[in-house]
Amino acid sequence: MEALKTSAPALPPGFSLRETRADGSQEYFLNMGPQHPSTHGVLKLVVRLDGETVVEVVPHLGFIHRAIEKMGENETFVQYIHLTDRMDYLSSHINNLGVCMAIEKAMGIGVPERGEYIRVLVSELQRIQSHLLWWGAFGMDLGAVSAFLYGFKEREKITQLFEELCGARLTMNFFRPGGSNADVPEGFIGKVKELLEEMKFSLDEFDTLISKNMIIRERCFGVGRLSRERAANYGCSGPVGRASGVDFDVRRDDPYSIYDRFKFEVPLGSNGDCLDRYLVRIAEMRQSVRILEQVVAAFPEGQYRSKEKASYKVPAGSYFSAVETARGMFGTYFVSDNSFKPYRVKSRSPNFSNLSALNEMAQGGKIADLVAILSTLDLIIPDIDR
Amino acid sequence: MSEETPKPDATPEVKPAEAKPAAPPPPPPVTYPRSAGVTMAAAPKASLSRFLGDAFGLFKGMNVTMRYFRKPSRIVTREYPENRGTLKMSERFRGQVVMPHDEKNEHTCTACTLCEKACPNGSISILTTKNLASKRVLGAFVYRLSSCTLCNLCIEACPFDAIRMGHGFEMATFTRDPLDLILNKTEGR
């Protein structure tokens, strides 16, 4: 026993294991990632394990840090928009909207009626698209490979719509201060209507495939619980916070754009386990379909963008805007010194806060549950590191 | 407690008519639920009938797969390298930047450098020269595809529609050199 202790390599600073027990068993570290498929990117988790039981999870960040906030200081306000595509790449339209809203707030730029409708239309399509990808990846993380194909089959339709709309499938760079880059192409609204009909059918199909699947339910129910108080303390927002019972949605509680005109409900869970996070996202997709139906029914004619400025010189001051991305509250904070470039940019990313709750959720569970928890957190790693 | 403390600007008991403008009407009551619970309240009790019902649910899920198996027309697979001939990108597709030339092999670029200023990454360099009338014209439109993020800002900045986003998307090369492009075929006039 004594020899085993001395021959063990010294742990790096900050790491510690409990004493070896009398029967010779001891805890050990396991590196999960940065190339693990279920971490959905370059997230490294150092997991302290006791047998198969998780004792502690420490996320190691910075593998995809690109200093986007610092880069923003050297680019004009409009040039900064396209960098936010690369933060949460599944909510790129909504990130763009957050930046544009901060600029509009600073300069007092209005948005025409049709521009606002385009914004809501595109944001909700983006939310559905993001949740569809999550749904597919969630199934695959838990071992149902076919779910991935079904999820991506539906997502492809929305991605095609985005390609027709703005020419890109992932890094959109579509919204501009005062509206959007371009008007919707001809026949776009008709295609969205078709898509919504298909979506209703697909969501029922998803329920049959995964939501009512007893294996998935047994694996998710009661796993990775997060209480309402702790979720609020960690700053969890979006589906993760709402599954724990934090009744907060920026679209409803601080309505931006024209969200206050549409009827929708905010799905709310109370157990805060993996199943609740799953059910909240499925219900959110149905609510997004409901919003989109109201949008396409009342889609107005007119201008899509207010008069474009030659350059955007933001008056001195600090400006904040908050939007609800598919993962929670995304905040953009500008400090301007009355110039064409921001003095300082700060993004409040929902993923960073959601990740911070991981340790508490995974403690005491099994290592296989950690994969389920990670999947339902729906992390986008470039948004954590920025 | 707060009811007992008198407010400093409390309105008198009898107030003269039309002394104050009417208070703003209260916001209309919300007539539909703002939050909807989706939780499965507690784990259902284990029983034989529940187990059989859940097992039947698995077969219902399997039936979805069988539906697609019986009706292959709903499958949307496209085989990319084989369908290259018929592949049509949407009109606004953002591929690499191209400079359209007319039948006389001329372009409309005036070397105003607005696109160069609009580019966030410094991917565009406008090299100018002088024509016979010693007027400043475009010499070479240097475009570095390797640092381009295809953000469309240069196309928006161009007042002469001299450049646009092409539909090419197969941009992989074995070396870095082919990614430094000169877009114009002739010097400006």
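**Exercise 1. Place D85(A) in the predicted model.**

Task: Find which residues D85(A) touches, leaving out those up to four places away in sequence.

Solution.
- Step 1. List the contacts. D85(A) touches S92(A), N96(A), T171(A), M172(A) and N173(A). The model used here is predicted.
- Step 2. Locate the residue. D85(A) sits in the loop between α3 and α4 (92-107) of chain A.
- Step 3. Check its cover. The relative accessibility of D85(A) is 1%, so the residue counts as buried.
- Step 4. Look for a polar partner. A polar atom of the D85(A) side chain lies 3.4 Å from the backbone nitrogen of M172(A).

**Exercise 2. Examine the helix α3(A).**

Task: Work out how many residues of α3(A) are buried.

Solution.
- Step 1. Name the buried residues. They are F77(A), V78(A), Q79(A), Y80(A), I81(A), H82(A), L83(A) and T84(A).
- Step 2. Give the count. Eight of the eight residues of α3(A) are buried, and the helix is mostly covered.
- Step 3. Look at the rings. F77(A), Y80(A) and F334(A) are linked into a cluster by ring pairs.

**Exercise 3. Explain a salt bridge between two loops.**

Task: Say why the salt bridge of D88(A) and R327(A) ties together parts that lie apart in sequence.

Solution.
- Step 1. Find the distance. The closest N and O atoms of D88(A) and R327(A) are 3.2 Å apart.
- Step 2. Place both partners. D88(A) is in the loop between α3 and α4 of chain A, and R327(A) is in the loop between β7 (317-325) and β8, so the pair joins parts 239 residues apart in sequence.
- Step 3. Test for burial. The cut-off is under 20% relative accessible area. D88(A) has 0%, so it is buried. R327(A) has 1%, so it is buried too.

**Exercise 4. Compare two more salt bridges.**

Task: Describe where the partners lie in the pairs E124(A)–R127(A) and R286(A)–D207(A).

Solution.
- Step 1. Begin with E124(A) and R127(A). Their closest N and O atoms are 3.3 Å apart.
- Step 2. Use the helix. E124(A) and R127(A) are three residues apart in helix α5 of chain A, so about one helical turn separates them. In an α-helix, residues three or four places apart point the same way, because there are 3.6 residues a turn.
- Step 3. Check the cover. E124(A) and R127(A) are both buried.
- Step 4. Turn to the other pair. The side chains of R286(A) and D207(A) meet at 2.7 Å, N to O. This pair links distant parts of the chain: R286(A) is in helix α12 and D207(A) in helix α7, 79 residues apart.
- Step 5. Check the cover here. R286(A) is partly exposed at 31% relative accessibility, whereas D207(A) is buried at 18%.
- Step 6. Look for a network. Salt bridges with shared partners join E124(A), R127(A), R242(A), D249(A), R251(A), E284(A) and E324(A).
- Step 7. Set these in context. The whole structure holds 36 salt bridges over all chains.

**Exercise 5. Classify an aromatic pair.**

Task: Decide how the rings of Y117(A) and F262(A) are arranged.

Solution.
- Step 1. Start with the total. There are 15 aromatic pairs over all chains.
- Step 2. Read the geometry. The rings of Y117(A) and F262(A) are 5.9 Å apart, centre to centre, with 85° between the planes.
- Step 3. Apply the cut-off. Planes over 60 degrees apart count as edge-to-face. The pair is edge-to-face.
- Step 4. Place the rings. Y117(A) lies in helix α5 (residues 113-141) and F262(A) in the loop between α11 (250-253) and β6 of chain A, so the pair ties together parts 145 residues apart in sequence.
- Step 5. Check burial. Y117(A) is buried at 7% relative accessibility, and F262(A) is buried at 5%.

**Exercise 6. Describe the interface of chains A and B.**

Task: Characterise the interface by its contacts, its buried area and its salt bridges.

Solution.
- Step 1. Count the residues. 51 residues of chain A contact 43 residues of chain B.
- Step 2. Give the area. About 3700 Å² is buried between the chains, and carbon and sulfur atoms give 50% of this. Q79(A), M214(A) and E265(A) supply 15% of the area that chain A buries against chain B, more than any other three residues.
- Step 3. Find the charged pairs. Two salt bridges lie between chain A and chain B. E205(A) forms a salt bridge with R67(B), with closest N and O atoms 3.8 Å apart.
- Step 4. Add the polar contacts. The interface has 17 residue pairs in polar contact.
- Step 5. Find the main contributor. α6(A) gives the most to the side of chain A that touches chain B, with eight residues.
- Step 6. Sort that side by residue type. It has 23 nonpolar, twelve polar and 16 charged residues.

Notes:
Residues numbered from 1 in each chain as written. Chains lettered and ligands numbered in written order. Predicted model: local features only at pLDDT ≥ 70, side-chain atom pairs only at ≥ 80, totals over all residues. Heavy atoms only, no water. Contact = heavy atoms within 4.5 Å. Buried area = accessible area lost by both parts, 1.4 Å probe. Salt bridge = Lys/Arg side-chain N within 4 Å of Asp/Glu carboxyl O. Polar contact = N/O pair within 3.5 Å; in protein donor to acceptor, adjacent residues only side chain to side chain. Helix = DSSP H or I, 4+ residues; strand = E, 2+ residues; numbered from the N terminus. Nonpolar A, V, L, I, M, F, W, Y, C, P; charged D, E, K, R; others polar. Phe/Tyr/Trp six-rings, centres within 6.5 Å; stacked < 30°, edge-to-face > 60°. Buried < 20%, exposed > 50% of the residue type's maximum accessible area, 1.4 Å probe, protein only.
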